[in-house]
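Here are some notes from a read through your model, set out as numbered points. I hope they are handy to have beside the viewer.

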Amino acid sequence: MWAIAAGSSPRTAACLVLFLALPQFYLMPEGSTDIAATTVITALLVPGVLLAARRGSGVALLRLGLFRVLVALLVVRLLALTWSPDPRAGMPLIALVGQFVVTLALMVQAIRQDPELPRRLARWYWPWVLLEAVLVLTFRFLPDVEDAFLRSVGGIFIGQNTVAALFGGSPNNVFDPAKSGGLFVNANVAGLFLGVNAVAAFAMAAVTHARWVRVVGLIALAAVPFTGSKSATVLAVTLPTAVLAVRRLGPRAARTTPTGVARRNTRRRPGTWTQGHLWVGLTAAGALGAVVVLLTADFGFVQALAKSFGDRTAIWGFGAEAFLRDPVLGLGYGGWDAGFDAYAREHGIYRSFPPHNVLLSAWAATGLAGLVLTVAFFTLALRLALPVLTGGNQGRRVLALWAAAAVGWTLIHGLGDNTDIFGDIHLIPILSLLLAHLIVGGGEESNDHAHAHRRDPASPAVPAVGGLYRESGDITAQLPTVVRGPGPGPGHAGDRVG
């Protein structure tokens, strides 16, 4: 452990971070603080951050707009503590975005050191995704098995205090017979995890040509509807449809002569991607996928989807009223809970629902600056795909499309659920890996021609900082505090409205 912290291979640290992404391993007993093993390990890796910066390996990354936005968002979240009614409630948000920043830096450094990293990481990560899919299917049809799992060993993977609260007056939606969470107590989080990992598997298979990884992606995608998450089920149809349509309708590769030399085209170079291709193609194909869902889904599903959306609009109404009162600073940490109680009583809804919208949540916690930076993050993350689509080989172009789909899934899902810019803590490593591929494959390298990136096998690992578990999901999800206590508190899931 200390050897990793002192400066071992980034590849080793990346394997470790991905291996612990799903299980987390909460080993502290009930009544103490729920601290995941990833928190302890990444804390030991922190010295590698300073060592890497001193050697200059992070200079090019700091020139990248996306990375600057993430650092700025971390600073804004820290500053929001000064005007927050409950600064303690902001610590998980700060820790998690810090974890995202350094995990992204770790993955960039690891890919620079070893371009074959996706192939080497396969055995450390994808079996966990397959296990989650199998558990979701099992628990959906055998709820007694799910109950036994949660009561026996569930606390190791979910958090001892979280499971205690689950059976002690703060239930989450996995108790709904129509929902299943696997290693999650919230079905929407399970659907988000499986969906993002499905498209991530397709992305990795495009460059590794590992058929079994593609099969894992197909199984994960097929398991999404069994979580019972309506939004994830719709996205499981629309986003793969969008990617396949863009691949079909996008600019074709340049034609070549028999000698292999590309023919010139004076009007437009064949195979050239533009931002318009990506946005227009994804929007049109996504709309087509939505039509397919509405035409093929049973009427009960459509009704449930409409009701779920209506429930959220009731919550968003409070955000609209609060925005008009103080648009610049927002509500600060704890401000949403303090103000929502009276609004909930007036409108007859449960009193402690979080915003359930990643943009509204950003504004509520950190004000207009946090909202702008959140929008900038998703915009820049999607634009990272364009250089790869323009200059990469066929495999990397396919990777870029699926990586954009993963970011798009995180954003769209987040517009209706209680998530962060990276979705959920379990998704931080895989999203960081996808973004790192786009950065090294196009964005970062094109921004720093004057400084060649040196591969240094002895470069220290850049760790993920934090690791506090934050449960997110649909209308029943809880807004966690920085320390999970032995019992339920404000923001815990209560009566379901959808």
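1. Let me start with a question: which side chain meets that of arginine 77 in a salt bridge? The partner is aspartate 420, with 2.8 Å from N to O. Please keep in mind throughout that this is a predicted model. The two residues sit 343 positions apart, with arginine 77 in helix α6 and aspartate 420 in the loop between α20 (394-414) and α21 (428-446), so the pair links distant parts of the chain. Arginine 77 counts as buried because its relative accessibility is 7%, and aspartate 420 is likewise buried, at 4%.

2. The same two residues turn up again when you look for internal space. The model has six cavities of 30 Å³ or more, and the largest holds about 120 Å³. This largest cavity is lined by 15 residues, and the closest to its centre are Arg77, Val358, Ser361, Ala362 and Asp420. So both partners of the salt bridge in point 1 are among the residues closest to the centre of that cavity.

3. Where does the largest share of that lining come from? Helix α18 gives seven residues, the largest share. Both α6 (65-79) and α18 (358-383) supply at least two residues each. Sorted by class, the lining is made up of seven nonpolar, five polar and three charged residues.

4. While you are in α18, have a look at alanine 364, which lies in that helix. Its relative accessibility is 5%, so alanine 364 counts as buried. The C-alpha atom of alanine 364 is 6.1 Å from that of glycine 332, a residue 32 positions away along the chain. Beyond its neighbours within four places in sequence, alanine 364 has contacts with Gly330, Leu331, Gly332 and Trp336.

5. Back to charges: the structure holds five salt bridges. One of them joins aspartate 147 and arginine 151, at 2.9 Å from N to O. Both residues lie in helix α9, four residues apart, which is about one turn of the helix. An α-helix has 3.6 residues a turn, so residues three or four places apart point the same way. Aspartate 147 is partly exposed, with a relative accessible area of 28%, while arginine 151 is exposed, at 55%. Elsewhere, salt bridges that share partners join Arg11, Asp114 and Arg120 into one network.

6. Within that network, aspartate 114 and arginine 120 form a salt bridge whose closest N and O atoms are 2.4 Å apart. Aspartate 114 is buried, with a relative accessible area of 6%, whereas arginine 120 counts as partly exposed, at 38%.

7. Glutamate 146, also in helix α9 (residues 143-152), deserves a look of its own. How far away is the nearest side chain of opposite charge? That side chain belongs to arginine 140, at 8.6 Å, and glutamate 146 is buried yet has no salt bridge. Apart from neighbours within four places in sequence, glutamate 146 is in contact with Phe139, Val174, Ser180, Gly181 and Gly182.

8. Two backbone angles are easy to look up in the viewer. Glutamine 24 is not a glycine, yet has a positive phi of about 65°. Glutamine 24 sits in the loop between α2 (10-19) and α3 and counts as buried, at 2% relative accessibility. Histidine 209, also a residue other than glycine, has a positive phi near 60°. Histidine 209 is in the loop between α12 (187-208) and α13 (211-223) and is exposed, with a relative accessible area of 61%.

9. Why is helix α3 (residues 37-45) largely enclosed by the rest of the structure? Because seven of its nine residues are buried. Those buried residues are Ala37, Thr38, Thr39, Ile41, Thr42, Leu44 and Leu45.

10. Lastly, the overall picture. The chain has 21 helices and zero strands, and 55% of its 498 residues count as buried. Among contacts with a separation of 6 or more, 79% are between residues 24 or more positions apart. The salt bridge between arginine 77 and aspartate 420 links distant parts of the chain too.

How values were computed. Residues numbered from 1 in each chain as written. Predicted model: local features only at pLDDT ≥ 70, side-chain atom pairs only at ≥ 80, totals over all residues. Heavy atoms only, no water. 1 Å grid on protein atoms, 1.4 Å probe; cavity = no way out; pocket = protein on both sides within 12 Å on 5 of 7 lines; lining within 4 Å. Points joined across faces, edges and corners; volume = space filled by probe spheres on them. Nonpolar A, V, L, I, M, F, W, Y, C, P; charged D, E, K, R; others polar. Buried < 20%, exposed > 50% of the residue type's maximum accessible area, 1.4 Å probe, protein only. Lys, Arg positive; Asp, Glu negative; His and termini not counted. Salt bridge = Lys/Arg side-chain N within 4 Å of Asp/Glu carboxyl O. Contact = heavy atoms within 4.5 Å.
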